[in-house]
Amino acid sequence: MKLVLALRGTLAVLTALVVAEFLGIQNPYWAAMTALIVIQPTRGLLFEKSFYRLVGTVFGSLAALLLLQYTTSPFLLTSALVVWIAGCVGIGNLFHGLRSYAFLMAGCTCAVIAMSGFMNPSHVSGIAFGRIACIVVGIIVTTAVTAIFTPRAPREELERRLQEVISDAMLWLSALIREGRTASVARLEQAMLMELADLELLVDTAGAASPGFRKRRRHVKSLMAALLSLLSVGRLAAEHLDRHNDGDGSHGQWRELMSQRLVDVASTFASAPGAESCSELAAVASEARAHLPLLGETLGSLVVSVTEVLSGFAAVAEDAAQKPPHQLIRHRDWVEAGRAAFRSGLVIAAVGFTWSVTGWSKGPLMLMALSIMTTIFSNKDHPAHFVGNIFVGAAIGSAAAVFCRIFLLSSVSDPYLTVAIIAPFVLLGLVAIQYPATVLAATDATLFFIFVVQPGVAVNIANVDLAIGAVAMVAGVGTAWLSYTVLVPINPSRRMRSILAAVSRDLVRMAKDGSPQVTARAQERLHHRVIRLVDMAARHDREHLRTVEGGVTALGIAATIKSLRQKLEADDVTPGSERIMREALMAIAVLAPQPDNAGELLRRAARALYAVLEEGAVLQGVGSETSRSAGRPGHVRLLQPLLLVAEKQ
C-alpha cells in the first residue's frame with residue numbers, strides 16, 4: 001500500500017513538471033513542488049489546502065512585484081521584506097488551521113519571488129506569474145491524479161466518536177452521583193476531556209472544503225462546549241453531594257435511582273442515538289433540577305445541543321442558521337503572535353542586511369530558504385523540532401541534487417530524459433514520506449532536491465557555484481532553527497505557560513466584571529483554551545494527566561464564578577451573603593495570576609464554592625466552615641492541580 005501511494009505521488013509530481021514545461025511556464029519545477037506539498041490524507045483537506053495555498057501565493061506574488069518596482073537596493077528590499085514577512089507571520093499566528101497557512105504562504109512567497117526577481121531583473125513578471133501558474137498546474141494535476149483515490153473526510157468517524165463521548169459523559173456522571181469523585185471517576189473525567197481535545201481537531205478535518213458541513217460545525221462545537229460545561233458543573237455537584245452524604249435513606253435512594261437512569265441513557269446513546277435518547281436525557285434533566293438545579297439546567301442545555309447535532313450532519317444551510325446555545329471561542333495568543341512576528345523580522349533583517357553589506361551572490365538563496373522556514377512553521381507547537389528534521393532532509397536532498405546535476409544531468413538537454421533521470425530520486429523520497437519517522441526529513445529532502453536540480457531550467461553555472469548555492473540554502477534552514485531555539489525561543493512548554501496565563505486572565509475577567517456578556521464570552525474562550533492546553537499536554541508532556549486535571553479544575557472555577565455572578569443578580573440575596581460572595585470574587589481576581597499565593601486562593605475559592613453550592617452556607621459563617629475544610633481533599637485541593645501546573649511550567 002505504501003509503495004502504491006508513493007508511486008501515485010511520484011506520478012503527480014512528474015506529471016505537473018511535464019505539464020508546466022509543455023505550457024512554457026517560467027520555473028516549471030515549482031509545479032512539481034506544489035504537487036508534492038498539497039497531497040493530503042483526505043479529499044477535503046486536499047481541496048482546502050490547495051485553495052489557501054493559491055490565495056497566499058497570489059497575494060505574496062503581487063506584494064513581491066510591488067516591492068521590486070519600488071525598491072532599488074538590497075537594503076531597501078530587505079527592509080520592506082522584514083515588514084511584510086513580520087506582518088504575515090503575526091497575523092498568521094492569530095488564525096487557525098489553513099486560514100493561517102494562507103497568510104504564511106503570502107509571507108514566504110513574497111520573499112522567494114523578490115529574491116528570484118532581484119537575481120533576474122529582466123524576468124520579474126514572468127517569475128511572479130509563472131509561480132502562480134505553477135501553483136495552479138500543481139493543484140490541478142495532484143487533484144486529477146490523487147483525489148479520486150483519496151478518502152473523503154472522516155464524517156462517519158466524527159459521528160461515531162461524538163455518540164461515544166456523549167455515552168461516556170452519562171456513565172461518568174452516573175458514577176459521580178453514585179460514588180462521588182473517586183479516583184476512578186477522576187480518570188473517566190480526564191479521559192473525556194482528552195477525547196474532546198481530539199474531537200476538536202477532527203471537527204476541522206471533517207469540515208474541510210465542505211461549506212454545508214462548516215455551517216453545521218458550529219453546532220458540533222456547541223455540543224463540545226455543552227459537554228465541557230457538564231464537566232465543570234458535575235465537579236460542583238460532586239462537592240455538593242459529598243457535603244450532604246449524611247446517610248439519609250431517601251437521599252441515597254435518589255442518588256442510586258438517578259445513577260441507574262443515566263446508565264440507561266448512556267446505553268441508549270451508544271446503541272441507537274436519536275429522538276428517544278434525547279427524550280430520556282431531557283427527563284433526567286427535569287428530575288435533576290429538583291435536587292441539583294445547576295446540574296439539571298446544564299443537562300437541559302446539553303439536550304438542546306445533542307438534538308441539534310443528531311438532527312443530521314448533512315442538513316442544508318438554512319437548517320443550521322439558528323445560533324447554537326453554546327460556543328467555543330478560539331484561543332488567540334497575541335503575545336506569542338507578536339514574538340513570532342519579531343522573530344521572523346529579526347532573522348530576515350540579520351541575514352538580509354548582511355547580504356546588503358557584503359553583496360554575497362548566494363545571499364538571496366539563503367534568504368529564500370530562511371523565509372520559508374521562519375513563516376510556514378512559525379505556528380507549530382514545536383517549530384524547532386520540525387526545522388531540525390528539515391535541516392537533515394535539506395542537507396540530504398541538496399547533496400543528492402548537486403550529485404544529480406553534476407554527474408547525471410550535465411550533458412542532458414531533453415526534458416523527458418531529465419524527468420526519467422530524476423524519477424528514482426523523487427520516488428525514493430515519496431517512499432520515505434510514507435513512514436512517520438522519516439516523513440518530515442523526506443518531504444523536505446524531496447523538495448530541496450527538486451529546487452536545487454531545477455528540472456526544466458537551463459542551469460549555466462559552475463559546479464562550485466551550484467554546490468555553494470545548495471550550502472547557502474541549507475544554511476538558511478539552520479539559521480531558522482537557531483532563531484527558534486536561541487534568538488526568540490519557542491517550544492511546547494512556553495506555549496503551555498502562555499495558555500495558562502490566558503486562562504488566569506479569563507478567570508480574573510470573569511471575577512471582576514459582573515456583565516453577563518463578558519462572563520459568558522470569557523468562559524467560552526476559556527473552554528477552548530483548556531482544550532488546547534490538554535491537547536498540547538497529551539502530545540508533549542509525559543506527566544500530562546496533571547495538566548488535564550488542572551484543566552478540569554479551571555473549568556470548575558469558571559463555573560463557580562459564573563454561579564456566584566448569577567446568585568448576585570438574584571433578588572433574594574441577603575446583604576451578608578452578597579458581601580461575602582463579592583469578597584470571594586475579588587480574592588479570586590487578585591490572587592488567580594499569582595500561584596505563590598496558593599494557600600489564600602484555595603481558602604477563598606472554597607468559600608466561594610460553598611456560597612454557590614449551598615445558599616445557607618454564607619449565612620452560617622463561611623469563614624469557620626472554610627477553616628474546617630482545610631483537611632478535606634474534595635474542597636481545599638480543588639484548585640491545587642492548576643496551581644501545580646502553573647508552578648511546573
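This note covers confidence, two helix pairs and one serine in a predicted model.

1. Overall confidence. The mean pLDDT of the chain is 84. A score of at least 70 is reached by 84% of the residues.

2. Low-scoring stretches. Residues 313–321 have pLDDT under 50 throughout. For residues 313–321 the model has 14 contacts beyond four places in sequence. Residues 616–649 also stay under 50, and here the model has 70 contacts beyond four places in sequence. The reader should keep these scores in view when looking at either stretch.

3. Helix 4 and helix 5, geometry. Two packed helices are described by the angle between their axes and the distance between the axes. Helix 4 spans residues 74–92 and helix 5 spans residues 98–119. Their axes are 7 Å apart, and the packing angle is about 165 degrees. Angles over 145 degrees count as roughly antiparallel, and helix 4 and helix 5 are therefore roughly antiparallel to each other. The crossing of helix 4 past helix 5 is left-handed.

4. Helix 4 and helix 5, residues. On the helix 4 side, the contact is made by Pro74, Leu77, Leu81, Trp84, Ile85, Cys88, Val89, Ile91 and Gly92. Helix 5 contributes Ser100, Phe103, Leu104, Ala106, Gly107, Cys110, Ala111, Ala114, Met115 and Phe118. By class, the residues of this contact are 16 nonpolar and 3 polar, with no charged residue.

5. Ser100. This residue lies in helix 5 and is one of the helix 5 residues that meet helix 4. Is Ser100 buried or exposed? Its relative accessibility is 0%, so Ser100 counts as buried. Leaving aside residues up to four places away in sequence, Ser100 touches Gly92, Asn93, Phe95 and Asn379. Of these, Gly92 is listed among the helix 4 residues in the contact with helix 5.

6. Helix 1 and helix 6, geometry. Helix 1 (residues 2–22) packs with helix 6 (residues 124–146) at an angle of about 140 degrees, and their axes are 9 Å apart. That angle makes helix 1 oblique to helix 6. Helix 1 passes helix 6 in a crossing that is right-handed.

7. Helix 1 and helix 6, residues. The helix 1 residues in this contact are Arg8, Leu11, Ala12, Thr15, Ala16, Val19 and Ala20. They meet Cys134, Val137, Gly138, Val141, Thr142, Val145 and Thr146 in helix 6. The contact of helix 1 with helix 6 has 9 nonpolar, 4 polar and 1 charged residues.

Methods
Residues numbered from 1 in each chain as written. Predicted model: local features only at pLDDT ≥ 70, side-chain atom pairs only at ≥ 80, totals over all residues. Heavy atoms only, no water. Axes fitted to C-alpha atoms, helices over the stretch in contact; angles between N-to-C directions. Helix = DSSP H or I, 4+ residues; strand = E, 2+ residues; numbered from the N terminus. Parallel < 35°, antiparallel > 145°, perpendicular 65-115°, else oblique. Left-handed = near helix turned anticlockwise from the far one by under 90°. Contact = heavy atoms within 4.5 Å. Nonpolar A, V, L, I, M, F, W, Y, C, P; charged D, E, K, R; others polar. pLDDT = per-residue confidence, 0-100. Buried < 20%, exposed > 50% of the residue type's maximum accessible area, 1.4 Å probe, protein only.
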